[in-house]
Amino acid sequence: MNTVLEEIESGLTLVLAKMEKRGICLNTRELKKIKDKIYLEILNLEEEIFELTKSEFNINSPKQLSEVLFEKLKLPTKGLAKTTTKNISTNSNELEKLIYLHPCISKILKFKELKKLETSFLKTLPNFIDENGRIHTTFVQTGTATGRLSSDTPNLQNIPSKSDYGKLVRGCFEAGKGFDFVSFDYSQMELRIAAKLSGDKLMLKAFEEGKDFHRYTASLVNKVDYTDVTKEQRNRAKALNFGIVYGMGSKAFAQSAGISKEEARMFIEEYYENYFGLRNFLDDLKLKAKENGYCETLYGRKRYLSFVGGFGFQAALEERIAVNMPIQGLAADIIKKAMIKIDNYLIENELEDKVRMILQIHDELIFEIDCDINSDEIIENIKKLMEENDFDILLKVDIKKGKN
DNA sequence: GGTGGAAGCGCC
DNA sequence: AAAGGGCGCTTCCACC
């Protein structure tokens, strides 16, 4: 029997169909206000950039931007990344490095940020609303290599949330009249999975004791008291924790933590001296993938690899995949199973009209819940269904409630 | 006018 | 040459 197909995917299809059909409410008036405000700001920025660079050009064209910055203004290109076509990259990460060299850079970064919000979200989302003011995504069940869902037309899994304007955009999604939004968010799901799969003593201890895992990691690699960890130290540890399950090397870590390659190497070494169970587990994953020609999750979801071998880019990429897919994929398996369980629970208790699953965003489920019912116990039950799993992974779900 | 690759960037 | 996993969407640009 194929567990993934029969116990997960087959049962999920109808759940997804219901979510798509319900849709989610978008406040287009509010969205329009943000759009108008951003539009003016973009115009101003554009004008300032033209003035500062003494050129009128399409800032959105990497080719033209590159010409202005590196040929006309002759800004240094040393240390900047190249694109696949060997051109100098003009992405935000690289532009950050030039920020003190010319006053136009910070304006260009802001311009890019706002333009992205305008074109990808503010201008397009209103085109998707139906006669009831709701938007219906399509969840793609067979679209990813790891077992995650994807979402398209429109993608509701990449709605902005980080920047100040991003938060405003996300705030335009509202619960239907008479309903609240309740979100259930797995906390550090992949790290908890990695802890359990590897059996790493210290990782497991951290989670069992309810520690802030990034702070805990920082205290280990910096050899300081848990309570004495600085913000800086915690941020680096956080970048490291995430990077490790992506198969990150010292160069990438150096970049994301803003430190030298040598420092990065020492941090990673110290990291693995503490979490040696994790290192052994990740090494095993690579070996197994090479033996089998595929990697897989505990449920047997497989991803086949070509394994050209050697030490080239492709070989290194496949090692990173071999490390990441079993973790990311199991997270996907677990939330999918939870969605099915929750759907059954709501049907059995005749709650389908009062409690509606609306969105899945990889490690998070969003529901609309009728304001008039006492939902405390229901919320607690949903949380339990999400946290319980077949492998004794210590999962933790955080709950948030709101009108948008 | 349409198409597809590349670049870039929003999210987890 | 790239050098941390997974997506989808928009724009630019070369090309048909």
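This passage looks at how the protein meets two DNA strands and how some of its helices pack.

The model is a predicted one, in which local features need pLDDT of at least 70, side-chain atom pairs count only at pLDDT 80 or more, and totals for chains, interfaces and linings use all residues. Residues are numbered from 1 along each chain as its sequence is written, chains are lettered from A and ligands numbered from 1 in the order in which they are written, and side-chain values use heavy atoms, leaving out hydrogens and water.

Take DNA strand C to begin with. It is surrounded by 33 residues, with N58, S61, T153, R303 and R320 the closest; a residue is near a strand if one of its heavy atoms lies within 4 Å of it. Of the strand C atoms within 4 Å of the protein, 70% belong to sugar or phosphate, and bases supply the rest. By class, this surface has nine nonpolar, 18 polar and six charged residues. Here Ala, Val, Leu, Ile, Met, Phe, Trp, Tyr, Cys and Pro count as nonpolar, Asp, Glu, Lys and Arg as charged, and the others, Gly among them, as polar.

Several polar contacts (pairs of N or O atoms within 3.5 Å) can be picked out on strand C. A backbone N or O atom of T153 sits 2.7 Å from a phosphate oxygen, while the side chain of K63 places an N or O atom 3.4 Å from a phosphate oxygen. G243 goes for a base instead, with a backbone N or O atom 2.9 Å from a base nitrogen. Elements giving two or more residues to this surface include α3 (62-72), α5 (104-122) and α10 (231-244), and the largest share, six residues, comes from α14. Helices (H or I, at least four residues) and strands (E, at least two) are DSSP runs, numbered from the N terminus.

T153 has another feature: its peptide bond to P154 is cis, with omega near -5 degrees. P154 itself is in the loop between β4 and α6 (164-170).

DNA strand B has 22 residues around it, and the closest are T84, T85, T90, S92 and D363. Sugar and phosphate make up 84% of the strand B atoms that come within 4 Å of the protein. Two contacts go to phosphate oxygens: an N or O atom in the side chain of S92 at 2.6 Å, and a polar backbone atom of K162 at 2.9 Å. D363 puts a polar side-chain atom 2.5 Å from a sugar or linking oxygen. This surface divides into four nonpolar, 12 polar and six charged residues.

On to the helix packing. The axes of α10 and α12 (residues 261-274) come within 11 Å and cross at roughly 70 degrees, which makes α10 roughly perpendicular to α12. Axes are lines fitted to C-alpha atoms, for helices over the stretch in contact, with angles running from 0 to 180 degrees between N-to-C directions. Angles under 35 degrees count as roughly parallel, over 145 as roughly antiparallel, 65 to 115 as roughly perpendicular and the rest as oblique. In contact (heavy atoms within 4.5 Å) are R236, L240, N241 and I244 of α10 with E263, F267, I268, Y271 and Y272 of α12.

For α8 (residues 201-208) and α9 (residues 213-221), the axes come within 10 Å and cross at roughly 135 degrees, so the pair is oblique. Residues L202, M203, K205, A206 and F207 of α8 meet F213, Y216 and L220 of α9. By class that contact has seven nonpolar, no polar and one charged residues.

Conventions
Polar contact = N/O pair within 3.5 Å; in protein donor to acceptor, adjacent residues only side chain to side chain.
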